[in-house]
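Reader: I have not seen this structure before. Please show it, and then I will ask about parts of it.

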Amino acid sequence: MDKEKEQLHTNQLGPIHIWALGVGIVLVGEFMGWNFAVARGGSIGAILAIWTMAIMYISIVMMTTEMASVMPEAGGQYTMAKYILGPLAAFNVGLMVVLEYAMLEAADAVVVGDIIKSLHPGLSAIPFIVLSLLFLTFMNYRGAYATLTLNFVITAVAFASVILLLFSTNFYDPARTLIKLKSLTNGLPYGPLGVLASMQFGIWFFLGIEGTAMAATECRSADRALPVGTIVGLLTLLIGGTVTWFVCSGLIEAGKLGSSVYPLYDAALATGKLYVAVALFVGTTLSCLASANGCINDASRAWSALSRDTIMPNVFAAEHPKFKTPYRSILFLLPISLAFAFTGLLDQIVTFSIFSALLVYIMTAVMMLRFRKMYPLGTIKRGYIAPLHPLPAVVTIVLACVALAGMFLTYSFNMLSGVLFYALASCWFVKRRFKFLDQKGFLRAGVEKWGASKI
Amino acid sequence: MDVWKLANYAAWLLSAVIAIYLLRDFIKTERSHRD
């Protein structure tokens with residue numbers, strides 16, 4: 001009976017929580033950052049980047065949902081890499097996922113601090129950065145159900161503020177509309193190279209949606225909740241992204257939009273309606289909090305999974321006896337995110353986060369190709385089957401490489417530093433950690449569940 | 001006192017309260033693990 005109660009306590013997440021986890025992490029990208037794509041590629045370049053990256057994310061979500069629906073434990077892409085590619089790849093994917101989310105969390109907190117500071121010169125950003133990170137850590141510490149229910153509410157409010165902005169422009173009535181796309185947009189000023197350079201900012205609309213796979217083992221029914229929550233979440237983001245581009249491009253002149261810190265808030269100000277401006281201020285703050293909240297959830301699950309498998313020291317694997325959360329991992333990652341946030345280097349933090357994410361996407365596509373070879377259709381029970389295989393994997397590899405090439409145009413030094421960091425971390429793992437790895441226990445759960453692979 | 005400064009102090013105070021809660025619960029949990 002106690003075991004049943006415990007199971008009920010941990011397996012409570014449904015499709016709305018998965019939707020909230022996915023959209024909550026990503027929605028912040030609509031409120032800030034994506035508009036740098038307009039500066040690099042012009043108005044048309046930006047929308048091309050958004051839709052091209054949407055194709056990549058649809059492919060990634062299909063692949064991760066199929067693989068996550070058969071994995072025997074939490075950990076998302078890390079767990080997939082562990083069973084499909086082996087320990088060294090698993091270590092790298094795990095580290096990339098943790099850093100992707102820890103840095104995104106720090107960036108969100110920096111933006112929360114900056115927005116609050118913008119209210120009055122007497123306010124400081126630092127206490128609000130610290131408070132938001134501590135409060136969200138507290139929520140995560142006390143359990144996934146409460147924190148993701150909170151995420152559902154704040155994500156829904158933030159999304160509603162974007163829809164409110166859309167309707168406040170009277171876009172549906174040509175006589176009264178405030179949208180002036182023809183006169184305010186600038187087309188494709190830098191041609192194809194501009195589109196290439198804007199790709200990395202198109203990612204902002206979707207970065208982190210693949211993290212829904214982390215919650216697989218905490219779902220009531222992962223076979224249903226994961227695909228439904230993730231795919232509805234992706235559609236929400238695609239619609240939200242297009243609406244955001246439409247409203248901002250139609251209300252703000254392209255040159256100004258390309259350098260705006262809070263494009264949706266600026267668009268709200270351009271409507272001249274106070275209630276819309278207040279709604280977007282609240283929406284921007286809440287979207288940052290929702291994103292940081294989801295990031296803490298995902299980074300701590302990934303770190304805990306690394307530790308549970310002895311890839312990292314196993315002290316971080318312990319669960320809280322009452323709240324059933326990876327409490328040591330949650331607390332361990334807090335000072336790391338705080339340290340990144342204190343640097344205040346928003347673009348550098350986010351670039352490293354996107355770079356890590358793109359490497360994970362390429363690895364995910366490689367894993368999918370290998371997974372279908374190891375376990376062809378019909379050999380094991382899948383909760384979801386990705387259609388058109390191997391097209392999603394090929395599309396992901398090609399588009400991720402295109403985005404990396406675009407990123408290299410502006411952030412070559414950062415990218416080379418990132419490669420060096422992961423190479424050094426891999427050397428450390430092979431030399432110092434590999435001997436501690438429990439190689440028998442490492443793959444036991446998968447082998448017990450699926451039997452031996454075909455290759 | 002300036003209301004904005006007060007807001008900064010309130011944020012620090014709340015942060016300290018949460019940090020103390022987390023630290024207390026963490027120590028309590030670690031002790032129970034050892035027992």
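Author: A residue is buried if 20 or more other C-beta atoms lie within 10 Å of its own, exposed if 12 or fewer, and partly exposed in between, with C-beta atoms placed from the backbone. Helices (H or I, at least four residues) and strands (E, at least two) are DSSP runs, numbered from the N terminus. This is a predicted model, in which local features need pLDDT of at least 70 and side-chain atom pairs count only at pLDDT 80 or more, while totals for chains, interfaces and linings use all residues. Residues are numbered from 1 along each chain as its sequence is written, and chains are lettered from A and ligands numbered from 1 in the order in which they are written.

Reader: How many of the 33 residues of H4(A) are buried?

Author: Helix H4 of chain A covers residues 36-68. H4(A) is largely enclosed by the rest of the structure, because the number of its 33 residues that are buried is 27.

Reader: On which residue is the kink in H4(A) centred?

Author: A straight helix of 33 residues would span 48 Å at 1.5 Å a residue, whereas H4 of chain A spans only 33 Å between its end C-alpha atoms. The expected span is 1.5 Å times one less than the number of residues. A bend is the angle between axes fitted to the seven residues ending at a residue and the seven starting there. The kink in H4(A) is about 115 degrees, and its centre is Gly42(A).

Reader: Which helix gives the most to the side of chain A that touches chain B?

Author: In all, 18 residues of chain A are in contact with 17 residues of chain B, where contact means C-beta atoms, placed from the backbone, within 7 Å. Helices H7 (125-141) and H15 (327-343) of chain A each supply at least two residues of that side. With 9 residues, the one that gives the most is H7(A).

Reader: Is Leu388(A) buried or exposed?

Author: Leu388(A) is in the loop between H16 and H17 of chain A, and its phi is positive, near 60 degrees, though it is not a glycine. Within 10 Å it has 11 other C-beta atoms, so Leu388(A) is exposed.

Reader: Where in chain A is confidence lowest?

Author: pLDDT is the predictor's confidence in each residue, from 0 to 100. Chain A has a mean of 87, with 95% of its residues at 70 or more. Confidence is highest in H7(A), at 94, and lowest, at a mean of 44, in helix H1 (residues 2-10) of chain A.

How values were computed
Contact = placed C-beta atoms within 7 Å.
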